[in-house]
Structures are given as C-alpha cells and as structure tokens.
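Work through the following exercises with the structure open beside you, and try each task before reading its solution.

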Amino acid sequence: MTSPTLVYVGSLSDGPDRDSGWIAAFEGLGWRVIPFRSDVSVSGPKPLSWIARRLHAAPAHRRMRAALVDLCRQERPAWVHFRLPLAFTREDIEAIRAGGAIVTDYFNDDPFSPHRVTGLHCRFRRALPAYDAHFVYRRHNVEAYRAAGARHVEHCPPALDRVRLGADATEAARSEDFIADAAFLGHYEQDGRLDAIRALDAAGLRVAVHGAGWSATLRAAGLDHLLPADPIFGAGYRQLYRDSRAGLCFFSHLNRDSWTERPLEIVAAGGALVCERTDEALGHFREGEEALYFSSAEELVAACRRLRDEPGLRARLVAAASARLAADGHDIADRARQVETFVRGRLAR
C-alpha cells in the first residue's frame, strides 16, 4: 500500500533544527514526507533587505512561494503542513487547497501579542482563515484565532524534541566541578532577564549565557567577562545544562509565554530546572521537589545559592523531575499524532 504524501514546509535550518523531529514523527505515522524549505536569502542594500525580510516581500520570497504551489500541483499531496508560515499569502494557501490538499500549520509565535514585532505576522494574519486547521503553542491564542476567522483551532502545547536535543540526553551530570552555577541558553529579550543575570553575577555565582542578542547586551551592560555568548545548539546545548548546577528558564514576555520547550529540555538533558514561576509551569513540575521557581531576581539568586550550598539537593531535583517527565510524556511524537488525528478525520469524510 502506498503511503499518503505530506509536504512539510519549514525553515529546515540546522541552527537550531526545529523541523527534523516533526518530520521523523510524521514519517513514523506512515506518511511519505516531502520537506520544503521556506527560508530564503535576501540580498541588496541593508535597509531595504531588512524591510524585505521583515515583511517577507523580497523576490526570493515570491519565487519560494511559487515553487511550493508548483510542487503541490505536481505531487498532489493529501496534506500540506506548515511550521510558522510567516511568508505565505492567503492566495498561496487557497491555491494549495484548490488542489485537494488539507492545509494545517503549527504556529509557535504569538501573532496577537500586543508586543509582537511590527509587520512580522501581517501575511499570516490575513491568510489565517484560509487554513483548514491551526495548532497553536499557547492556550490563550485559541479564542483569538477563532475570532480572526479560523476554521479550526487546537492548543498544541510545547513538546520535547529528542531529535534536536540528541541521543545522549540522559547522560549523568558531573559529580563535581560544575562548569557554571547557573546557565541560560536562549535569546535576549527586554523583559528583566538581563537584571536577573546581573544579580547572579553580582552575588558571586558563575553564570553562562548563550543565545541571540546576548553578546551586544552583555558588552553594553559591562559584563564582558560573561562572553562569549554565541548561541549553542545540539550536543553543546545539552552538555551545558547537564554540567551546570542550575538550568535557568525565562519565559518570553513578548510572546506572552507561560510554558515552553526549554523546561522539558533542561530536565531531559539532566539539568536542575530553575524556572520563572507561572501557574502553567507549576502544573508540570512540583515546586521544591522537582524544580525551583523564582518571581524576582532575589528569589533566583536564592535558588541558585541553594543548589550550590545544599548537598544532595540538585541530585534529588534531577531524579524527581526526570521521573515526572518520563511519566507525563510530552514528546513531539505525541503532538504530531494530535495534528494527524485531525487530518485523518478530514480524509475519512
């Protein structure tokens, strides 16, 4: 029996790789997956190319979109699934659906945040009613999508992508000589996380910070001794959380996050989770037993000092959180199955 065809549209980048786990999960469900790269290179004068990238309006974007529509006409897939389809117009989606494909997307930004990046989500918001279904990262987005004309919306929570994290994620941490007292791997944002890092450093704790935007921020803040702060992916990402006393998690206020993949990744990597306190986070890992939480820089410093000074605390947190993660699941395969259930139901009509 021939496997049904799925065209999977994503950035297909390896820095970080946010697509291979989804592709592997869909293939595991029996689909013949054709990956399609939505990232394009934009050249030209810097101000114009910046605007073109922000608005997805460069000739390279138009060629990419046309190539996808042509591919769907040739392959006639049963299903086309997008991850974060920022560049595509309503006309693109309607042309793909006109060929008989069911069209879905997984959107891990918040296109309705009052703090969203200007212009970045305009095409998607106009195209939103054309999709057969949307699978959204944040529960609070469900009603906003429906109000904007979405046909079908489901909450599809953050998932642990073991493909991206790597096969050795369960290695034991160093028993001594941790490389940092606290580590954060993620982008910089103006939401207080710099103040938190500064407080940790001022308290004499060894801090490791890596991610987009941090290098310039640390220099401007006079924290040059924390450099280099370039992004780390793959084995290095896993190792830094595993070999630091505290694995820090800040949630993006720009995207109105209250839960993301990062806490799951920290636990899966063998790290001790020290997480910004939200009701959603507290529902996943028990405070004081499976993770430590903070609502201020002072509370964060206190939590990291506890991990440094209390014998056995880190090991207990890591063991309990790992057991909780194994019991609760949250693998990307579970999320792929959720999306596929919708598609199979439509195909059976």
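## Exercise 1: Two helices in contact

In this predicted model, Asp195, Ala196, Ala199 and Leu200 of helix 8 meet Ala297, Leu300, Val301 and Cys304 of helix 13.

Task. Describe how helix 8 and helix 13 pack, giving the angle, the distance between their axes and the class of the residues in contact.

Solution. Begin with the contact itself, which by class holds 7 nonpolar residues, no polar ones and 1 charged residue. Next, find the two elements along the chain: helix 8 covers residues 193-202 and helix 13 covers residues 297-309, and they pack at an angle of about 45° with their axes 9 Å apart. Angles from 65 to 115 degrees count as roughly perpendicular, those under 35 as roughly parallel, those over 145 as roughly antiparallel, and the rest as oblique. Helix 8 and helix 13 are therefore oblique to each other. To complete the description, helix 8 passes helix 13 in a right-handed crossing.

## Exercise 2: Another pair of helices

Task. At what angle do the axes of helix 1 and helix 15 cross, and which residues make the contact?

Solution. Helix 1 spans residues 20-28 and helix 15 spans residues 332-347; their axes come within 9 Å and cross at roughly 60°. Helix 1 and helix 15 are therefore oblique to each other. On the side of helix 1, the contact is made by Gly21, Trp22, Ala25 and Phe26, and on the side of helix 15 by Ile332, Ala333, Arg335 and Ala336. Sorted by class, these give 6 nonpolar, 1 polar and 1 charged residues. The crossing of helix 1 with helix 15 is right-handed.

## Exercise 3: A sheet of six strands

Task. Give the strand order of the open sheet of 6 strands, and then state whether the residues of strand 3 are buried or exposed.

Solution. The order in this open sheet is 2-1-3-4-5-6, and the pairing is parallel. Strand 2 (32-37) and strand 6 (153-155) are the edge strands, each of which pairs on one side only. From one strand to the next, the twist averages 20°.

Now follow strand 3 (residues 79-83), which runs parallel to strand 1 (residues 5-10) and is joined to that strand by 4 bridges. Leu6 stands opposite Trp79 in strand 3, and Val9 stands opposite Phe82 in strand 3. Strand 3 is also joined to strand 4 (residues 102-107) by 5 bridges, again in a parallel arrangement, and here the bridge partner of Trp79 is Ile102.

The last step concerns burial, for which a residue must have under 20% relative accessible area. In a regular strand the side chains alternate between the two faces of the sheet. In strand 3, Trp79, His81 and Arg83 lie on one side, while Val80 and Phe82 lie on the other, and all are buried. This gives 5 buried residues out of 5 in strand 3. Helix 3 (residues 59-75) lies across strand 1, strand 2 and strand 3, and runs at about 160° to strand 2.

## Exercise 4: A sheet of five strands

Task. Which strands stand at the edges of the open sheet of 5 strands, and which helix lies across strand 7, strand 8 and strand 9?

Solution. The strand order is 8-7-9-10-11, with parallel pairing. Strand 8 and strand 11 (292-294) stand at the edges with a single partner strand each, so one side of each has no neighbour in the sheet. Neighbouring strands are turned by 25° against each other on average, direction ignored. Within the sheet, strand 7 and strand 9 run parallel and are joined by 3 bridges; the bridge partner of Ala183 in strand 9 is Gly247. Helix 8 lies across strand 7, strand 8 and strand 9, and runs at about 155° to strand 8.

## Exercise 5: A residue in helix 11

Task. Is Val267 buried or exposed, and which residues is Val267 in contact with beyond its neighbours within four places in sequence?

Solution. First place Val267 in helix 11, which covers residues 262-268. Its relative accessible area is 2%, so Val267 is buried. Leaving aside the neighbours within four places in sequence, Val267 is in contact with Leu273, Phe285, Ala321, Ser322 and Leu325. As a final step, compare sequence with space: Val267 and Ala319 are 52 residues apart in sequence, and their C-alpha atoms are 9.2 Å apart.

How values were computed: Residues numbered from 1 in each chain as written. Predicted model: local features only at pLDDT ≥ 70, side-chain atom pairs only at ≥ 80, totals over all residues. Heavy atoms only, no water. Axes fitted to C-alpha atoms, helices over the stretch in contact; angles between N-to-C directions. Left-handed = near helix turned anticlockwise from the far one by under 90°. Contact = heavy atoms within 4.5 Å. Nonpolar A, V, L, I, M, F, W, Y, C, P; charged D, E, K, R; others polar. Pairing = 2+ DSSP bridges. Buried < 20%, exposed > 50% of the residue type's maximum accessible area, 1.4 Å probe, protein only.
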